[in-house]
Amino acid sequence: MASTTGNADATPDVNDGVEGEDGVRRRDFINIAAVSAAGVGGLAVLLPLVSQMAPSADVLAESTTELDISALDVGQSIKAVFRKQPIFVRRLTPAEIEAANAVDVSALRDPATLDEITKPGHGDVLVVMGVCTHLGCVPLGAQEGENKGEFGGYFCPCHGSHYDTAARIRKGPAPTNLAVPDYEFTSDTTIVIG
Amino acid sequence: MIRLVGILIGLGFAFVVLLSFVTGAYTAATEEVAETAEYAFHEESHGPADGYSFDGAFGTWNYAQLQRGYQVYKEVCSACHSLNFVALRDLGQLGYSEAQVKAEAATWQVPGINPDTGETEMRQAIPTDYFPNPYPNDVAAAAANNNAIPPDLSLMAKARHHGSDYIYSLLTGYQEPPARLLEEFPDAAPGPGLYYNPYFANLNLAMAPPITTDGQVTYADGTEATISQMSADVAAFLTWTAEPTLIKRKQTGWPVLGFLLFATILAWLAKKQIWSDAKPKRRKD
Amino acid sequence: MSFPWAKEYTPQNGLTKFFDEKLPLPRFVYNAVGAGYPVPRNLSYFWNFGVLAGFFLVLQIVTGVVLAMHYASNTQVAFASVEHIMRDVNWGWLMRYTHANGASFFFVVIYIHIFRGLFYASYKPPREMIWLIGVVIFLLMMATAFMGYVLPWGQMSFWGAQVITGLFEAIPLVGPPLKTWLLGGFAPDNAALNRFFSLHFLLPFVIAGAVILHIWALHIPGSSNPTGVEVKGESDTLPFHPYYTAKDGFGLGIALLVFMTFVFFLPNTLGHPDNYIEANPLSTPALIVPEWYFYPFYAILRAFTFDFILPAKLWGVLAMFSAILVWFFLPWLDKGPVRSGHYRPLFRKFFWFGLIPTMAMLFYLGGAPAHEPYVMLSQIFTAYYFLHFLVILPIISSIERPDPLPYSITEAVLGSDKKAVLGENAEPVAT
């Protein structure tokens, strides 16, 4: 298609504007401002797009669990559910408490005493997350007849982590002790987790 | 060729649809269309005289009113109507403290399972529970209500045109059927177990007037519980249950529109700026 | 693309040079929507709507993917999962209202885009393929929107699915089994809801593919323009960037202002209250209507009430589908040499005083209850609809004497002080 409009060269390049002596010209300022505004708007849109994937209100509402442990006898343990994850509650026997206190804390992989793990006045109630700190399997030992591992606490069958009677890691690949959730005793027999 | 076929098809469709028109017009001309009672006596919904606090683009919740409305729902409506999509924890949005929500939740009974026997039994509700359904299933609801299942109220304010006004009008609109109605449309007289209400789509509904006397509810905040007041309060409460995010939505809207206006003005200036040198040069010849 | 004066992409630094050699995506974008695409300089704001349609497609895909993360396509929980999105999911209400109103605005934009094409006869050679792909996109959009409306499993969802699949029953012999097959049952239920969800997720990506073909086909002859006179030289065009990117940016701002007003302040205005009632297969709403963007075609469907050889229902279905299919044949029905309605006095009259009022009335009548006078009115306008495209258009395109065209786009822009001369693609007009 030949140009039939003579020497009409009418497609000015906006970028060839010479920069004035007083720096950035007004035209550049407006264009930069408009593009910046579009950028700010785009970033603002990310807020709802990202936060919609965070836990929704109904999930957050379930983040406290109330537990009645009045029926928990010495040596027994129960499993409960907290945030869709298992919680182990065990009432330790005097022998288990003794075994836990006899350990040289400084030699542990994740040093902690039983008193630090339990609540004051309730030193015999061990409350831990039933989630192995290695890769998240549920350890055995919270139920009658399950393998409690070499140290009489919990044993994770996935990769062989052994926890002692204070739920501290003693052998195997797990890096830390079983996690202790935030909880408190609201009465002698009621604990609120979360 | 395509055009010839097209013309024939076009004339064909036009012919057939005009045949429909002719038969329709003939029917319309020869048969008298009976006026229906619904058409003649149905009235448009209206809200309370002073409107609602959440009306308009700048509306806000009146928390005292929502709490009163909750009380009306609890003491009057909840005997028959469920609120399936609302959780008791949501009451926290009405200005109740966490402890109050817990205490309020404990006043409701929900179906549960006995942890020892596995039998179903009623238990005290906790905030994460949803409002309980007054009937175990639809059959029970129909059996208890003369075959008319009381609808769920969670979304009622959005499930009708001008829902908040509709609820208010319906609750305050019960009346004796007008003499003219009985005269002109004897069939439209409310049958047994039905009540005349000009705001209901077919004029007669199965729900007995739920709010009948001033002071039916004793408001905790001392507000005088007139029929109009209770109806407006529960309509406001049901507007909240239908869309708890209503006010957040409007309040988010203003900054968004403000920013867009600002950005659009900038875009306009940039466009004008860029196009300022876009005129072509004139031809020389 | 075919213009010799189109700017050549030159990579500026090492990275862009690397890309240009291995995967010339920057060059592709530069030539498609950058400075390398020369566009007629006289485009009006009606030419903004293609870019706007692309924007709404992306918006629908983004918000739709988000909603799909929270939605459950099972009749037991679908309605509750939508309420979960509205109440509990962070910003879920915004996502859903944006998606629901986004569908409406996508159709607003598409209808303006289509009627721009109809007035300026953008379907004429050499742009037939762009138009044909566009009609396919419109059909895909209708299918996607219909299935999306079923997903919340409200009363209108259910009865809409019932009525629309019921249309297939009108087909002789295979109709009833076809409907059962489409639904995977005898009424809309889990099987239907699941397949609708699956297809509703798939089709937008098919649309995106068709859009790429649409734009590809557009870049072969280049954009049309309000005069309908083809580009003759460099002075007739401007580079897409920055001129039309700036103009489209401004247009997008205006569109978003209107759109966001609906999302934040009138989010349920374009919807139907009955869809906030959970689907109940035992109780039909008093008035079943589709979403507003289907109204014209719904009006055409309902206009046929008389059994003439074939049952009225079958006529309605045939007419409804033909109403869109006829668009496929426009490039061959409208044979006149001049494109733009500005230079076609007869065509223009029928467009503004025939087609536009007809469409407006069909939009209104499709949502009206099915009794008189609405039915009779929709019959008259349905007749005009078919007469316009299939009879009037072919006839006026052969008898019409177009107004003189400007010699070139440049001359049209400058408002030539010389006497307008005929474009090369116009028949001479006796003076």
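Two strands count as paired here if DSSP finds at least two bridges between them. On that footing, chain A of this predicted model has an open sheet of 3 strands, ordered β1-β9-β8, with antiparallel pairing. The edges belong to β1 (65–68) and β8 (183–187) of chain A, and each has a single partner strand, so one side of each goes without a neighbour in the sheet. From one strand to the next, the twist averages 25°. Looking at one of these pairings, β1(A) runs antiparallel to β9 (residues 190–193) of chain A over 4 bridges. Here D68(A) sits opposite T190(A) in β9(A).

Chain A also has a hairpin, built from β2(A) and β3(A) with 2 residues between them. The two strands, β2 (residues 77–82) and β3 (residues 85–91) of chain A, pair in the antiparallel sense over 6 bridges. Within that ladder, V81(A) has P86(A) of β3(A) as its bridge partner. In the turn, R83(A) takes a positive phi of about 50°. As for pairing in general, strands of a sheet are joined through backbone hydrogen bonds, in either a parallel or an antiparallel arrangement.

Turning to the contact between chains B and C, 48 residues come from chain B and 55 residues from chain C. On the chain B side, α1 (2–30) and α9 (246–275) each put in at least two residues. The largest share of that side, 19 residues, is down to α1(B). By residue type, the side of chain B that touches chain C splits into 31 nonpolar, 10 polar and 7 charged.

So what does α1(B) itself look like? Its 29 residues should span 42 Å at 1.5 Å a residue, and the end C-alpha atoms are indeed 42 Å apart, so the two agree. The buried residues of α1(B) are G6(B), G10(B), F13(B), A14(B), V16(B), V17(B), S20(B) and F21(B). Across in chain C, these buried residues pack against α11 (295–303), α12 (312–328), α13 (330–333) and α15 (374–399).

Chain C, which takes up that packing, contains 16 helices and 2 strands. Its radius of gyration is 24 Å, close to the 22 Å that the globule rule gives for 431 residues, so chain C is as compact as a globular protein of that length. The C-alpha trace of chain C spans about 70 × 60 × 40 Å along its principal axes. Of the 431 residues in chain C, 49% are buried. Among contacts in chain C with a separation of 6 or more, 76% link residues 24 or more positions apart.

Conventions: Residues are numbered from 1 along each chain as its sequence is written. Chains are lettered from A and ligands numbered from 1 in the order in which they are written. This is a predicted model: local features need pLDDT of at least 70, side-chain atom pairs count only at pLDDT 80 or more; totals for chains, interfaces and linings use all residues. Two residues are in contact if their C-beta atoms, placed from the backbone, lie within 7 Å. Ala, Val, Leu, Ile, Met, Phe, Trp, Tyr, Cys and Pro count as nonpolar, Asp, Glu, Lys and Arg as charged, and the others, Gly among them, as polar. The expected span of a helix is 1.5 Å times one less than its number of residues. A residue is buried if 20 or more other C-beta atoms lie within 10 Å of its own, exposed if 12 or fewer, and partly exposed in between; C-beta atoms are placed from the backbone. The radius of gyration is taken over C-alpha atoms; the globule rule is 2.2 Å times the number of residues to the power 0.38. Axes are lines fitted to C-alpha atoms, for helices over the stretch in contact, and angles run from 0 to 180 degrees between N-to-C directions.
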